[in-house]
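Hi everyone, thanks for coming. I'd like to walk you through one model today, so let's put it up on the screen.

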Amino acid sequence: MKKKAHQNLIRVYMKRAAECEEEGNYHKAREMYEKSMNTARASSDSSAEGEAYHKLGNITVLLGDMEKALENQKRFLLVSKEIRSDSHEGKAQTSLAQLQEQLGQVTDAISSLQRSLEIAEAQNNLEAICDACTSLGLLHNKQGNYLKAVHYLEQNFKVSKQIGDIARTEKARILVGVAQGNYIWSNGFVSMVDRDLDATVQWKSHGVVPGVT
């Protein structure tokens, strides 16, 4: 009976928090999410506690405190691992990666995204695979790791075709082209033209990047 009362209270707090967030009252929303988290913790409802941490992380971003947001998402990750929820862990890793990238923690962001990708692949969650590969590809591209960028963005393109979403597939194709172009220019486009005309024709005709398999 007491557990049921706590569950109802958590739902009330979460609903009210979402309403405040929609209204732009982020401080009140944070207060409601904190009440939900504390109630969930007091009633040993780990799943609800983790979700409250996740929401707290998101609302704290809107309030401009990135470090606190990162702390909340790390707590969400910890709870997700404790309850052995791969789906929650995947969501936590994705949220962490976004914050880590913004805070300049690139190595950590890549690690979080790779774990997110592992979980998505284990669950055969095609959309999550695409999202993780896109994020990894764009992050590597930004860092100048063009070969790795091509690898992940080509994987995104391949899985996008499996999903069958035309718009997603077209966007994925464009991203592959950008990464391939960056890779080629970074390795000396003029030299490639002078020394390997056949490879140049393959790239122009079929998008095959020399040295990329």
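**Cysteines, a pocket and a threonine**

Let me start with the cysteines: the disulfide count here is zero. Do keep in mind that we are looking at a predicted model.

Take cysteine 133, which is in no disulfide. Its nearest cysteine sulfur belongs to cysteine 130, and that one sits 6.9 Å away. A disulfide would need the two sulfur atoms within 2.5 Å, so this pair does not qualify. Is cysteine 133 buried or exposed? Cysteine 133 counts as buried, because its relative accessibility is 0%. Cysteine 20 also counts as buried, because there too the relative accessibility is 0%.

Now, on to the pockets. The one I'd like to show you is the second largest, with a volume of about 200 Å³. It is lined by 15 residues, and those closest to the centre are Gly90, Thr94, Ser116, Ala128 and Asp131. Which elements give two or more residues to this lining? They are α5 (86-102), α6 (106-122) and α7 (126-142). Helix α5 provides the largest share, five residues. If you sort the lining of this pocket by class, you get eight polar, five nonpolar and two charged residues.

Last stop, threonine 60. You'll find threonine 60 in helix α3, which covers residues 46-62. Threonine 60 is buried, because its relative accessible area is 2%, and the cut-off is under 20%. And what does threonine 60 touch, leaving aside neighbours within four places in sequence? Its contacts are Asp65, Lys68, Ala69 and Asn72.

That's my tour, and I'm happy to take questions!

How values were computed:
Residues numbered from 1 in each chain as written. Predicted model: local features only at pLDDT ≥ 70, side-chain atom pairs only at ≥ 80, totals over all residues. Heavy atoms only, no water. 1 Å grid on protein atoms, 1.4 Å probe; cavity = no way out; pocket = protein on both sides within 12 Å on 5 of 7 lines; lining within 4 Å. Points joined across faces, edges and corners; volume = space filled by probe spheres on them. Helix = DSSP H or I, 4+ residues; strand = E, 2+ residues; numbered from the N terminus. Nonpolar A, V, L, I, M, F, W, Y, C, P; charged D, E, K, R; others polar. Buried < 20%, exposed > 50% of the residue type's maximum accessible area, 1.4 Å probe, protein only. Contact = heavy atoms within 4.5 Å.
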